[in-house]
Amino acid sequence: MQTEAQGWAGVLTFPRELSLDDDRLIARPARELTVLRGAPLVPELDDAGAKRLDLATPAHAEIRLAGAAQVEIVAADGTVSHIAALDAGPASLFVDGSLLELLPEQSEPSTHRLYPQRGEVVRVRGALESAWVLRLPADDRRRDTLEETL
């Protein structure tokens, strides 16, 4: 792996809004991240009738989850590797290259690193509510606002 050969690995997480609910820390995606939403992504139905979204790599997407969901890497030969799971929603899921962030509204967030190979896909299946491609804003005014906000 490239990062192992270089002796370091770095990643920046997505900005979050933090709040307290009694004694529990709640992390939600910063509202300003909505400016990164590009074209909507439309999930497919698998053979069992569950929603599924296959993201080509490197993947850049935001996905809103209404309930339980799984994130997997599917190899070109069909081998499936489990990455993360959500037992109950709602939640936001961000995939940006090697970064995967799962931000449930009622439980602790989690951050994962993933390194899919050429020909593999990142698969999200379960209670998918909505999804978008992540992209940099094309409008310079919006880009300046995003940079000032972050």
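1. In which strand is L20 found? In this predicted model, L20 belongs to strand β1, which spans residues 16–21. Because exposed means over 50% relative accessible area, L20, at 66%, counts as exposed. Together with L18 and L25, L20 forms a nonpolar patch on the surface, and the accessible area of these three residues comes to about 350 Å².

2. Turning to the interior, the largest nonpolar core is made up of 21 residues, and L55, I63, L65, V71, L93, L100 and V124 are those with the most contacts inside it. Two or more residues of this core are given by each of β5 (51–56), β6 (60–74), β7 (80–86), β8 (91–96), β9 (99–104) and β11 (121–134), with β6 supplying the largest share, 6 residues. Apart from this core lies another one, of 8 residues, which includes L33, L36, F94 and L99.

3. For L100, once neighbours within four places in sequence are left aside, the residues in contact are V71, I83, A84, L93, F94, V95, S110, T111, H112 and L114. Among these partners of L100, V71 and L93 are also listed with the most contacts inside the largest core, whereas F94 is a member of the other core.

4. S92, a residue of strand β8, deserves a separate remark. Since buried means under 20% relative accessible area, S92 counts as buried at 4%. The side chain of S92 is joined to that of R64 by a polar contact of 2.7 Å. Not counting residues up to four places away in sequence, S92 touches P29, I63, R64, E101, L102 and L103.

Definitions and conventions
Residues are numbered from 1 along each chain as its sequence is written. This is a predicted model: local features need pLDDT of at least 70, side-chain atom pairs count only at pLDDT 80 or more; totals for chains, interfaces and linings use all residues. Side-chain values use heavy atoms; hydrogens and water are left out. Patches are made of residues with over 30% relative accessible area and no salt bridge: like charges are joined within 9 Å, nonpolar side chains (Val, Leu, Ile, Met, Phe, Trp, Tyr) within 5 Å. Accessible areas come from the Shrake-Rupley method with a 1.4 Å probe; for residues, only the protein chains shown count as cover. A salt bridge is a side-chain nitrogen of Lys or Arg within 4 Å of a carboxyl oxygen of Asp or Glu. Helices (H or I, at least four residues) and strands (E, at least two) are DSSP runs, numbered from the N terminus. Buried means under 20% relative accessible area, exposed over 50%, partly exposed in between (1.4 Å probe, protein chains only). A nonpolar core is a set of buried Ala, Val, Leu, Ile, Met, Phe, Trp, Tyr and Cys residues joined through side-chain atoms within 4.5 Å. Contact means heavy atoms within 4.5 Å. A polar contact is a pair of N or O atoms within 3.5 Å; within protein, one must be able to donate a hydrogen and the other to accept it, and residues adjacent in sequence count only if both atoms are side-chain atoms.
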